[in-house]
Structures are given as C-alpha cells and as structure tokens.
Amino acid sequence: MADDARSGARGGHDPGSPSPEETARRLEAAGVRTTPAATEAELARLDRALDDQVFRSMSAISLRFVLVVLFLGGVVTLGAFAFGWQIYRGIGVTGLNRPVFWGFYITSFVFWIGISHSGTLVSAILRVLKVEWRRPLTRAAEAMTVFALMIGGLFPIIHLGRNWRFYWMIPIPNDRGLWPNFRSALMWDLLAILTYITASSLFLYFPLVPDLAAARDRSRGIRHKVYAVLSLGWRGTQQQWHRLHLGMRIFTVIVIPIAVSVHSIVSWDFGMTLVEGWRSTIFAPYFVIGAIYSGVAALISVLIVLRKATHLEDYLTVRHIDRMGKVLLAVAVIWFYFFWSGYLTDWYGGNAVARALQDLHTVGAMAPLFWAMIVVNMAVPFLFLWWRRVRTNMAAMLAISLLVNVGMWIERFLIVVTSPMRNSLSFDWGGYRPGWPEIAIVSATFAAFALLYVIFSKLLPLISTWEVKEGWRIDRWQREGVVELETDVPTLSEPGGAR
Amino acid sequence: MLVVDLNLCTGCQACVAACFAENNIGVAGEDQVAMGRGRHWIKVERYWRSTEYPDVRAVYLPLPCQQCGNAPCEPVCPVFASVHSKDGLNSQVYNRCIGTRYCAQNCPYKVRVFNYFAPRFDPPLEQQLNPDVTVRSVGIMEKCTFCVQRIRRAREEAKVEGRELVDGEIVPACAQTCPPGAIVFGDGEDPRSQVARLARSERGFRLFESLNTKPPVVYLKKGDTKNG
Amino acid sequence: MSDPTFVTARVAGERGVADALQGLRQAGLSRESIEILSNVPLPEPVLGGPMKSTKLPVWTGAGLLIGLGLGVFFSIGTLFLYPVLVGGQPIRFAPPNLVIVYELTMFGIIVSTVSGFISETRLRPAARPYWRDVSLGAVYVVVEVPPDLVEARVRRALEEHGAEVVEAEEVLP
C-alpha cells in the first residue's frame with residue numbers, strides 16, 4: 001500500500017541515528033557495497049518504459065487479436081443459443097432428474113465463485129501486508145475476481161426452472177406484499193454475491209482511477225470522452241491521492257472478511273441441508289480454502305498467459321510466478337488437510353449413506369473422477385511445486401495450474417452432483433448425465449472469461465502504473481529519510497531498501 | 001394424519017394411478033421416467049427382503065409427501081413457495097415457485113416432483129382433468145397435498161350444513177382407491193378417530209424420526225408372516 | 001463569489017516541489033491554497049506536512065449504520081410485515097438473521113465509502129487548471145490566490161524558487 005509512503009517519518013530524521021552519508025561510509029568501510037538510490041532521471045526513464053509498454057499494448061490491434069475475439073465470441077454465442085433453447089423447451093433439456101436436482105450449473109457456480117475468490121483476496125492480503133512485489137500484479141488479480149463473479153453470478157439464474165422470474169428473489173417492495181425468505185441460504189447467497197461483486201468491482205476501480213486519467217491524457221475522440229468520465233476529473237492533486245489512499249485502506253480491510261463470508265455462504269447452501277455428503281460443519285473453511293486454491297491456480301494461469309500475450313514479461317516476472325507457486329503449494333496442503341478431515345470422519349462414523357457415497361467415489365461409477373481429483377489436486381502440486389526448477393518454468397506452471405483447476409472442478413462436481421445420488425431411501429438413488437445445453441453453456445462461460453480479459457487488455461491498463469512507479473520511489477524515499485523503513489529490527493539506517 | 005399399514009399393501013400401484021387422475025399430474029413418458037423424472041406424488045417403493053427363490057419376499061413402501069411438522073423443505077425456499085399452512089399442511093405455492101429445486105434437495109423423503117417440461121395431456125386425457133386442481137407449468141416444484149381440495153370441500157360442506165366434520169369424511173384419492181384399505185386418513189388430534197387408534201399400534205413408526213421432521217404419516221410395520 | 005484566480009507553475013521533480021512550497025510559505029500563503037499535481041503519490045514530508053482531512057471515514061460510518069439498519073429490517077422486520085411459518089423456525093429471531101445483518105452492513109460500508117469518494121472527487125464547485133503531461137510525469141503547482149494577496153507576488157515567489165510559471169493547458173471540473 002502506498003500509504004506506507006506517508007504513514008511513518010513525519011519529522012524526517014531521528015537526530016540519534018546516523019545520517020545517510022555516515023551510513024554509506026560505514027558500510028563501505030565494512031566492505032559492504034551499496035547501490036546508490038535511483039536518480040530522478042533514471043526513475044523518469046523507468047516510468048516512460050512502463051507507460052510505453054502498458055499503453056501501447058492497449059492501442060495495437062493485431063490480426064491474432066481479432067481471430068481470438070471471433071473464436072471466443074463464437075463459443076459464447078453458442079452458449080447463449082443453448083440457454084435460449086433451454087428456456088424455450090424447458091429445463092428438462094438438461095440431464096437433471098430426481099434425486100439429482102442440481103448439476104453442471106451449480107457445480108460451475110461454485111467453481112467460478114471459487115475462482116473469483118483469490119484475485120481480490122490475494123491483492124488485499126498483499127496490500128495489507130505491504131508486500132512490495134504485489135504492485136504489478138494486483139490489477140490482473142482484481143480483474144479476475146470481477147470477471148469470475150460476473151460469470152459465476154449468472155449460473156444460479158441459468159439454473160432456475162423459471163429463469164424469467166429470477167427477480168422474485170430480489171428484496172424490493174412488490175404488489176404481493178411478500179418479501180423473500182431471508183432464512184434461505186440462497187438469499188444469503190444473493191446478498192453475499194451482490195456485496196462481493198460490488199466490493200470487488202470498486203476494489204478494481206479505485207486504483208484504476210489515476211490510470212484512467214493517464215489513459216484519458218493519452219487518447220483523443222470518443223475514447224478520451226469515456227476515460228474522462230470514468231476518471232472522475234482526476235488531476236493528481238495531493239488531496240486526491242490522500243483520499244485514494246484512505247479509501248483503499250478502508251476497502252482493503254473490509255474486502256477480506258467479505259471474501260471469506262462469500263464462500264462460506266456458498267458452502268452453507270450445502271452445509272445447511274440434511275443431505276449426506278453436504279451437511280458438514282467443516283464446509284465453510286473447506287470451501288474457502290478450496291476457493292483460494294482454485295483461485296491462486298487460476299491467477300497463475302492468467303498471469304502466465306497475459307505476460308506472454310501482452311509482452312509484459314518485464315513486469316509480470318518469473319519471480320512472481322515462482323512466489324505464487326509457493327503459495328499454491330501451501331494452499332494445496334491445507335486443502336488436502338480439510339478434505340481428509342471430512343473424509344476420515346465420514347468413514348469412521350460408518351453411516352450407511354456416507355459409506356455408500358464413499359464407495360461411489362472410490363470404487364463406484366465416480367472412481368475415475370475421484371482419483372483424477374486426488375492426483376491433480378494433491379499429488380501433482382505436492383510432488384512438483386517443491387522444486388524451483390518447476391516453479392520458474394512457465395510451461396510447467398501453466399500445466400500445473402490448469403490441472404489444479406480441472407481437479408477443483410471435479411471436486412465441486414463430486415460434492416454438488418454426486419452427494420444427492422445416495423440417500424436414505426435406496427429406491428431413490430440415481431445418476432446424472434449432462435445434457436448438451438449444459439455442456440455448451442459451461443464451455444461458453446470459460447470462453448467468456450477469456451474474452452473479458454482480452455477485451456479488458458485493450459480498454460484498460462493491465463498494470464497499475466502509478467503503484468509500480470510509487471514502488472520504484474519507495475527505496476529512494478527511505479534512503480532520504482522521507483519514509484520510514486518498515487522494520488522492527490535495528491538496522492544500519494537503510495541498506496538495501498524494499499526492492 | 002395418514003396411516004399406512006405395510007402389512008396390507010400389495011404394491012399394486014392403484015394409489016399412484018388415482019393420484020395422477022385426481023391431481024392433474026402430467027404423464028412424463030417412458031424415457032423421462034427412465035431418467036428419473038416420473039411425476040409420482042406418491043411412490044410405491046419396493047424393497048427386497050429376500051430374493052432367494054422360492055422364498056422371494058418384497059416390502060412395499062407407499063411414500064407420499066410426509067407433510068412434516070418441521071419441514072426441511074420450507075426454510076430453504078428463497079421465495080416462500082414452500083410454506084406451512086395453518087392446519088399443518090406443508091403447502092407448495094405454485095405461483096411463487098421459481099424453480100431453484102432447493103426444497104427437493106433438502107427433502108429426506110425425496111417426494112418432491114419437478115416439472116422439467118410442461119405437462120402434456122394427450123387426448124383423451126385432457127377430458128378427465130380435475131377442475132378443482134390447477135395444472136402446473138414448466139419449471140416449478142409440486143408434490144402431494146393430501147388432496148387439499150377434498151379437505152377444503154369437506155370442510156366447507158360441513159360448515160354449510162352447520163356440523164362438525166365426521167371421521168372418515170375426508171378421503172384422499174390414494175386412500176379411496178387402495179383395494180386392501182392400507183391407507184387411512186383422518187384427524188390425528190381426535191383420539192377417537194380411526195387413524196389415532198391405528199397410530200397407537202405397537203407396529204407404528206414414522207420415517208426417519210431421528211431427523212425430528214415430525215411427519216404426521218404413521219407406518220405400521222410389516223409383521224413377519226412366519227414369526228407373527 | 002467571483003471565480004478564483006490561479007497562478008500555476010511547472011516545477012522540477014520532488015526537489016522543485018519542496019523549493020516552491022518554501023517560497024510560497026515565505027510569501028505568506030497557507031498550505032490549503034496550494035495544490036500539487038503529480039502522477040505518483042508523493043510522501044507527506046515532500047509535500048510539507050499532513051493532508052487536509054477528508055470526510056471519507058464519516059461516509060464509511062454512515063454506511064455501516066445504514067447497512068446495519070437495512071440488515072435488521074430485512075432479516076427481522078420483513079417477517080413481521082408478512083409472517084410466514086417455515087420449517088418450525090421462530091418468526092422473531094434466529095441465528096441466520098446475523099448472516100443477513102453481516103452482509104448488508106458490509107454492503108452499506110462499501111457503497112457509502114465509494115459514494116463519499118466520488119462525491120468528494122467529482123463534485124467540485126469550479127473548474128481547476130490541468131495539464132496533460134501530468135500523467136507523463138510533469139509536476140505542477142497550482143496556487144489559488146487569496147483575496148488579500150497580489151497575484152504578482154505569488155508569481156514572483158514561485159519564479160524565485162525555480163518554478164516555471166505557465167498557463168493552464170485545460171481545465172478539468
């Protein structure tokens with residue numbers, strides 16, 4: 001967070017500590033080489049290179065771009081057609097039945113809400129902890145949350161038997177005098193997702209305002225007008241910066257508990273029921289960690305593709321992927337810990353339905369899916385992510401992160417769809433085979449996610465330029481004593497800096 | 001209160017047919033039933049006690065909506081389509097339903113029926129539609145109502161005639177049709193009624209009592225013919 | 001109230017900001033009448049002291065209260081307006097109500113904080129000077145000349161401290 005630039009050091013130098021010159025002399029005498037702080041001219045050069053890179057990638061439209069847009073747009077159109085067909089014929093075009101009332105749509109809903117989890121959460125946690133390397137990747141991460149939520153939020157509506165009546169869930173006064181039922185976990189869902197999409201859109205938008213102003217100053221015509229409106233008359237006065245920092249500080253703190261609550265509530269859609277395989281007290285943290293798991297993996301995939309496609313390798317670096325890889329490994333272990341806790345208690349309890357469900361997973365019809373999940377969600381990350389060689393290999397990381405998301409989709413499928421297949425009345429056990437509209441719509445949402453990123457990359461700066469520029473200056477400000485070094489350990493005043 | 005004597009049930013499915021006729025339930029068709037989309041408001045579940053020839057024995061469990069006192073299907077509906085009526089019925093308000101199917105997921109008895117397609121009544125079936133019951137549209141949930149239209153009618157007739165309801169006056173379609181008379185309906189709060197007497201039997205039990213759903217449907221356990 | 005008079009100057013980097021601020025302070029200008037335009041947030045010591053306070057926390061607090069009230073109304077109030085019995089749950093109060101109250105409180109905080117941000121940033125009384133090369137890295141000082149000071153004196157104070165007085169390129173609301 002850039003407010004570290006203003007939080008400390010009100011009075012400049014503490015008279016008791018040595019001056020920068022003194023420190024440098026002492027360090028040199030001790031045989032420590034110090035790099036001088038960047039000069040203003042050097043910083044200006046860095047700034048220009050960044051601006052060129054970021055804003056140029058926004059304007060150039062290549063043939064490849066057009067082809068990608070056409071392809072993704074085509075897949076999305078097919079999905080829209082499938083949805084139209086489903087409305088026209090009835091929800092029966094899906095493979096749903098009794099007892100499997102929820103299928104691909106709810107699976108995908110949980111999956112996309114999970115993906116949405118990590119962007120804002122990762123960005124907010126890194127901001128709260130004032131981690132310096134976050135600066136180039138917060139924008140892409142925050143955008144991921146917004147896009148995934150836009151998609152995930154559609155699924156409950158697509159899933160409805162009478163989609164055209166979805167607004168009956170919205171709590172507005174109506175002529176029936178009837179409010180929705182706030183005791184229903186689906187209402188919690190609605191409000192949680194509404195809150196989260198509002199929060200994460202604004203969390204994306206807030207730090208975007210100075211960059212929109214930069215885009216405004218670099219554009220003409222209609223683009224200029226649009227950016228002018230969106231940038232809220234941003235002039236970069238110290239007052240506006242102050243307000244932005246304060247707003248971001250409030251937001252960063254508030255958005256973390258919101259993110260945690262959203263996936264808890266999604267898990268409670270299942271946890272509140274009497275369905276074996278769903279009713280569990282561990283579900284809220286298990287889903288939250290699962291969401292972070294799939295979200296971090298998705299963020300890695302997105303970053304790898306983005307840096308390649310928009311030539312931002314200098315800013316979204318291999319070291320970023322390396323660090324995110326370590327995070328992924330840690331989350332993989334936590335995920336397995338929760339999974340195993342649930343599995344073990346279900347097995348030990350010996351409940352007939354729970355056993356039947358576990359048999360369905362481990363040796364029954366769902367065994368291929370179950371073991372695939374174990375392999376790609378646990379074995380692959382655990383065996384490979386320890387190695388720096390793997391974490392710094394972009395192709396390997398892309399493969400692992402995509403595999404993790406395949407695994408997480410399967411995990412949600414096993415929870416959402418297969419649990420109702422087994423219940424206390426064995427007469428009512430059942431199976432599920434998705435209909436073609438379900439497959440088409442789910443595919444379309446993956447295309448839509450990519451399409452949103454492709455369009456985003458042409459309309460808005462993919463990197464928060466002002467935050468990166470600020471990061472470059474922090475080191476110098478610290479050496480000049482304008483900004484306090486963030487450390488509790490006594491130091492030789494300022495060797496190194498934050499870079 | 002509904003009492004079902006499993007000793008008497010022969011699994012003939014007459015109750016199912018009567019229910020379809022009485023409640024304007026659309027016939028799903030063979031392929032849909034194979035997918036598990038039959039619209040049976042009352043199912044006759046068959047469980048094998050023994051499949052060893054010649055000692056082949058089955059138990060039949062006629063399973064209508066249990067009209068739970070603490071119905072798990074009710075609180076999960078976001079639009080109050082599944083609510084508790086004053087006389088203790090678990091009502092489904094078709095017009096409010098938007099088809100989240102959450103209620104059906106949470107029903108431990110799996111007795112809720114979803115209209116995956118608009119119901120069809122091929123001629124001459126449309127001739128026998130019951131004018132007292134609506135025909136439900138596509139995309140909504142429906143289920144056994146204990147033939148609420150018959151309950152209302154009987155009650156209004158009694159009111160018009162200025163008298164109390166008589167035990168046995170209200171008969172749902174399934175009970176009316178059941179050849180061996182395995183299904184009995186009546187007022188469970190009146191200790192002298194036939195259902196109350198039957199429910200006091202040692203054989204009486206309710207399905208999944210441990211869930212505390214408090215269903216007013218009492219089953220009379222099947223007594224083994226050999227061991228009494 | 002007549003339109004304010006502005007004296008505007010381009011300064012060279014952070015050092016230029018500090019010099020110009022010193023000159024203006026000597027000329028008797030208060031910190032409130034000076035704006036520094038930059039494309040990177042400068043730390044407070046460079047800008048010569050803490051910022052004017054914003055009302056943003058007030059907005060946040062108001063949003064918290066409104067959200068809380070809305071949450072209580074939705075989760076408890078609506079059931080009194082139209083009581084419906086479900087699943088043997090009580091009408092009055094139940095643990096799930098807290099979920100609604102929590103979410104709507106958060107929602108209130110967010111919406112009001114943003115409303116505050118937009119209203120403070122966007123809704124200004126008058127147009128202010130601006131230069132497009134601010135976003136290329138140029139730093140400008142904008143002085144709103146108070147009625148008791150002569151414009152020329154401000155101009156001189158800036159020029160004597162290394163700032164280059166320039167006219168506004170455009171005005172932004």
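Trainee: How much area is buried between chain A and chain C?

Mentor: About 5700 Å², and carbon and sulfur atoms give 65% of that. Keep in mind that this is a predicted model.

Trainee: Which three residues of chain A supply more of that buried area than any other three?

Mentor: Three arginines: Arg183(A), Arg235(A) and Arg243(A). Together they supply 17% of the area that chain A buries against chain C.

Trainee: And how many residues does each chain bring to the contact?

Mentor: Chain A brings 67 residues and chain C brings 68.

Trainee: OK, charges next. How many salt bridges cross the interface of chain A and chain C?

Mentor: The rule finds one. Arg235(A) pairs with Glu35(C) there, and their closest N and O atoms are 2.8 Å apart. You've met Arg235(A) already, as one of the three arginines that supply 17% of chain A's buried area against chain C.

Trainee: What about polar contacts across the interface of chain A and chain C?

Mentor: There are 17 residue pairs in polar contact, counting pairs with both residues at pLDDT 80 or more.

Trainee: Which helices of chain A each supply at least two residues to the side that touches chain C?

Mentor: Going along the chain, you have α1 (4-7), α3 (40-59), α8 (185-205), α9 (208-217), α10 (221-230), α11 (238-271) and α19 (465-479). The largest share comes from α11(A), with 18 residues.

Trainee: How does that side of chain A split by class?

Mentor: You get 35 nonpolar residues, 16 polar ones and 16 charged ones.

Trainee: Switching to the other partner of chain C. How many residues touch between chain C and chain B?

Mentor: Eight from chain C are in contact with ten from chain B. The area buried between the two is about 630 Å², and carbon and sulfur atoms give 66% of it.

Trainee: Which residues of chain C supply the most there, taken as a set of three?

Mentor: Val84(C), Val86(C) and Gly87(C). That trio supplies 58% of the area that chain C buries against chain B.

Trainee: How many salt bridges and polar contacts between chain C and chain B?

Mentor: Zero salt bridges by the rule, and three residue pairs in polar contact, with both residues at pLDDT 80 or more. By class, the side of chain C that touches chain B has five nonpolar residues, three polar ones and no charged ones.

Trainee: While we're on chain C, which domains does the assignment give?

Mentor: Two of them. Domain 1 is made of 5-50 plus 126-172, and domain 2 covers 56-122. Their centres, taken over C-alpha atoms, are 44 Å apart. Glu35(C), the salt-bridge partner of Arg235(A), has a number that falls in the 5-50 piece of domain 1.

Trainee: Now the backbone oddities. Where are the cis peptide bonds in chain B?

Mentor: One joins Tyr53(B) and Pro54(B), with omega about 5 degrees. Pro54(B) sits in the loop between β2 (43-50) and β3 (57-63). Another joins Pro123(B) and Pro124(B), also with omega about 5 degrees, and Pro124(B) is in the loop between β6 (113-114) and β7 (141-142).

Trainee: Which residues other than glycine have a positive phi?

Mentor: Among them is His311(A), with phi of about 55 degrees, in the loop between α12 (283-309) and α13 (318-349) of chain A. Phe208(B) also has a positive phi, near 50 degrees. You'll find Phe208(B) in the loop between β9 (204-205) and β10 (217-220) of chain B.

Note on methods: Residues are numbered from 1 along each chain as its sequence is written. Chains are lettered from A and ligands numbered from 1 in the order in which they are written. This is a predicted model: local features need pLDDT of at least 70, side-chain atom pairs count only at pLDDT 80 or more; totals for chains, interfaces and linings use all residues. Side-chain values use heavy atoms; hydrogens and water are left out. Domain bounds come from an automatic or database domain assignment. Contact means heavy atoms within 4.5 Å. Buried area is the accessible area (1.4 Å probe) that two parts lose on being put together, summed over both. A salt bridge is a side-chain nitrogen of Lys or Arg within 4 Å of a carboxyl oxygen of Asp or Glu. A polar contact is a pair of N or O atoms within 3.5 Å; within protein, one must be able to donate a hydrogen and the other to accept it, and residues adjacent in sequence count only if both atoms are side-chain atoms. Helices (H or I, at least four residues) and strands (E, at least two) are DSSP runs, numbered from the N terminus. Ala, Val, Leu, Ile, Met, Phe, Trp, Tyr, Cys and Pro count as nonpolar, Asp, Glu, Lys and Arg as charged, and the others, Gly among them, as polar.
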